Amino acid sequence: MTTSATWVFLALLSAVFAALTAIFAKVGVQGVSPDLATLIRTLVIAVVVFGFVQYTGQWTNPLALPGKTWVFLVLSALATGASWICYFRALQLGDVSKVAPVDKLSLVLIAVFAAMFLGERPSARDWSGILLVGTGVLIIAAKR
């Protein structure tokens with residue numbers, strides 16, 4: 001499989017797992033604090049990823065990583081945690097068919113932030129698709 005085909009395949013699998021995450025989480029947060037639900041989810045993920053890293057032989061001393069790597073991984077973790085806490089609370093209050101698409105407004109924000117901070121330059125065609133996603137989110141989120 002080519003690099004291009006591999007990243008597309010993995011991205012599609014990610015989308016499938018994200019969809020399942022939304023469905024499972026909606027059922028899982030019923031009758032429990034969304035913060036406790038986030039903690040349980042995080043612990044399970046930590047155990048699974050630790051096992052995966054061990055199994056694939058990718059373990060190295062994390063203290064040997066450069067400081068810049070640590071700063072950005074910690075910032076990413078904090079952003080992930082904040083996202084998950086907000087997401088689980090939103091799922092507890094709203095329909096998953098509305099919460100999950102609004103959460104995907106992150107697709108638009110990712111493109112904007114990547115252009116601003118990483119120097120990425122999506123094409124006009126790419127921006128058109130990004131704009132369509134944003135429009136779709138606004139339509140879903142609009143009150144009737």
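**Exercise 1. Establish how many aromatic pairs the model contains, and classify the pair formed by Tyr 87 and Phe 88.**

Solution. The count of aromatic pairs comes to three. One of them joins Tyr 87 and Phe 88, whose ring centres are 6.4 Å apart. Rings pair if their centres lie within 6.5 Å, and the distance of 6.4 Å meets that condition. The next step concerns the planes, which stand at 55° to each other. Planes under 30 degrees apart count as stacked and those over 60 as edge-to-face, so the Tyr 87 and Phe 88 pair, at 55°, is tilted. These values come from a predicted model.

**Exercise 2. Decide whether Tyr 87 and Phe 88 are buried or exposed.**

Solution. Buried means under 20% relative accessible area. Tyr 87 has a relative accessibility of 10% and therefore counts as buried. For Phe 88 the relative accessible area is 5%, so this residue is buried as well.

**Exercise 3. Classify the pair of Phe 113 and Phe 117, place both residues in the secondary structure, and state the exposure of each.**

Solution. The ring centres of Phe 113 and Phe 117 are 6.0 Å apart and the planes meet at 50°, so this pair is tilted. Both residues belong to helix 5, which covers residues 106-117. Their separation is four residues, about one turn of the helix. Phe 113, with a relative accessible area of 42%, is partly exposed. Phe 117 reaches 62% and is exposed, because the limit for that class is over 50%.

**Exercise 4. Identify the ring over which the charged end of Arg 41 sits.**

Solution. The ring is that of Trp 84. The charged end of Arg 41 is 4.4 Å from the ring centre.

**Exercise 5. Locate Phe 17, and name the surface patch to which this residue contributes.**

Solution. Phe 17 is found in helix 1, residues 3-28. With a relative accessible area of 51%, Phe 17 is exposed. The residue helps to make a nonpolar surface patch of about 930 Å². Other members of the patch include Met 1, Phe 9, Leu 10, Leu 13 and Phe 24.

**Exercise 6. Describe the overall architecture of the protein and its surface.**

Solution. Begin with the secondary structure: the protein has six helices and zero strands, giving the pattern α-α-α-α-α-α along the sequence. The C-alpha trace spans about 55 × 45 × 30 Å along its principal axes. Of the 144 residues, 15% count as buried. Finally, the exposed area is about 10800 Å², of which carbon and sulfur atoms supply 74%.

Technical notes: Residues are numbered from 1 along each chain as its sequence is written. This is a predicted model: local features need pLDDT of at least 70, side-chain atom pairs count only at pLDDT 80 or more; totals for chains, interfaces and linings use all residues. Side-chain values use heavy atoms; hydrogens and water are left out. Patches are made of residues with over 30% relative accessible area and no salt bridge: like charges are joined within 9 Å, nonpolar side chains (Val, Leu, Ile, Met, Phe, Trp, Tyr) within 5 Å. Accessible areas come from the Shrake-Rupley method with a 1.4 Å probe; for residues, only the protein chains shown count as cover. A salt bridge is a side-chain nitrogen of Lys or Arg within 4 Å of a carboxyl oxygen of Asp or Glu. Helices (H or I, at least four residues) and strands (E, at least two) are DSSP runs, numbered from the N terminus. Buried means under 20% relative accessible area, exposed over 50%, partly exposed in between (1.4 Å probe, protein chains only). A charge sits over a ring if NZ of Lys or CZ of Arg is within 6 Å of the ring centre and within 35 degrees of the ring normal.
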